[in-house]
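Colleague: I have this model open on my screen and would love a close look at one part of it. Could you walk me through the salt bridges and then show me what surrounds them?

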Amino acid sequence: DFVLEAGALVLADGGVCCIDEFSTIRSHDRAAVHEAMEQQTVSVAKAGLVCRLRSQCSVIAAQNCKGGASRGRGASYDRGASLVVNSGLPPPLLSRFDLVVVFAGGGKGAATEQDKADFIISATSPSKSKRSAAEGAPP
């Protein structure tokens, strides 16, 4: 008898899967994450079993900048390079994310952690006027 155990993306079906240190994921696993984000399924082929499991979930991933060959792991964000170069993620996978937030240090008016959290929440929440109109209240 064989047993098929669900991974994080399948267990998160209908919810949210949070992945830290996304840049350290093996390329095979990264392909599975890409499939899950694109097809909302995870394909498994092991021990003669071929299955497609549902993984209709949102993916939140966090990682440090990849940096160039001269920079070490966790290097600072290079404002002169593209997001693809800084993240080290292939463009097809990066395009599957609806929102990408870069926290780059050394800028003018450095934000506090609370400012960053407020920015993310306001960027992903419906506007106040849309909410009011949907509830039937005047904007």
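Modeller: Happy to! Let's begin with Arg26, which counts as exposed at 58% relative accessibility. Please keep in mind as we go that this is a predicted model. Arg26 forms a salt bridge with Asp29, and their closest N and O atoms are 2.7 Å apart. Its partner is placed a little differently: with 27% relative accessibility, Asp29 counts as partly exposed, since the exposed class needs over 50%.

The structure holds 2 salt bridges, so let's turn to the other pair as well. Here Arg54 pairs with Asp13, with 3.2 Å between the closest N and O atoms. Arg54 belongs to strand 3, while Asp13 sits in the loop between helix 1 and strand 1, so this pair ties together parts that are 41 residues apart in sequence. Asp13 is partly exposed, having a relative accessible area of 28%.

Now back to Asp29, which also leads us to a pocket. The second largest pocket has a volume of about 640 Å³. It is lined by 26 residues, and Asp29 is among the closest to its centre, together with Ala32, Val42, Ser43 and Val44. Several elements give two or more residues to this lining: helix 1 (8-11), strand 1 (16-19), helix 2 (27-39), strand 2 (41-46) and strand 3. Helix 2 gives the most, with 6 residues. By class, the lining of the second largest pocket divides into 19 nonpolar, 3 polar and 4 charged residues.

Strand 3 is worth following a bit further. This strand covers residues 49-54, and Leu49 is found in it. Leu49 is partly exposed, with a relative accessible area of 32%. Together with Phe2 and Leu4, Leu49 forms a nonpolar patch on the surface, and the three have about 280 Å² of accessible area together.

For context, there is another pocket to visit. The largest pocket has a volume of about 950 Å³. Its lining counts 31 residues, of which Ala61, Phe97, Leu99, Val100 and Val101 are the closest to the centre. The elements giving two or more residues to that lining are strand 4 (58-61), helix 3 (83-87) and helix 5 (113-124). Strand 4 provides the largest share, 4 residues. Sorted by class, the lining of the largest pocket has 20 nonpolar, 9 polar and 2 charged residues.

One more residue to click on is Ser95, which lies in the loop between helix 4 (91-94) and helix 5. Ser95 is exposed, with a relative accessible area of 52%. Its C-alpha atom is separated by 10.0 Å from that of Val84, and the two residues are 11 apart along the chain.

Finally, here is the whole chain to set these parts in place. The protein chain has 6 helices and 4 strands, and read along the sequence these follow the pattern α-β-α-β-β-β-α-α-α-α. Of its 139 residues, 21% are buried. To find your way back to the start, look for Arg26 and Asp29, the pair whose closest N and O atoms are 2.7 Å apart, and then go from Asp29 to the centre of the second largest pocket, where Asp29 is one of the closest lining residues.

Key: Residues numbered from 1 in each chain as written. Predicted model: local features only at pLDDT ≥ 70, side-chain atom pairs only at ≥ 80, totals over all residues. Heavy atoms only, no water. Patch = residues over 30% accessible without salt bridge, like charges linked within 9 Å, V, L, I, M, F, W, Y side chains within 5 Å. Areas by Shrake-Rupley, 256 points an atom, 1.4 Å probe, with all protein chains shown as cover. Salt bridge = Lys/Arg side-chain N within 4 Å of Asp/Glu carboxyl O. Buried < 20%, exposed > 50% of the residue type's maximum accessible area, 1.4 Å probe, protein only. 1 Å grid on protein atoms, 1.4 Å probe; cavity = no way out; pocket = protein on both sides within 12 Å on 5 of 7 lines; lining within 4 Å. Points joined across faces, edges and corners; volume = space filled by probe spheres on them. Nonpolar A, V, L, I, M, F, W, Y, C, P; charged D, E, K, R; others polar.
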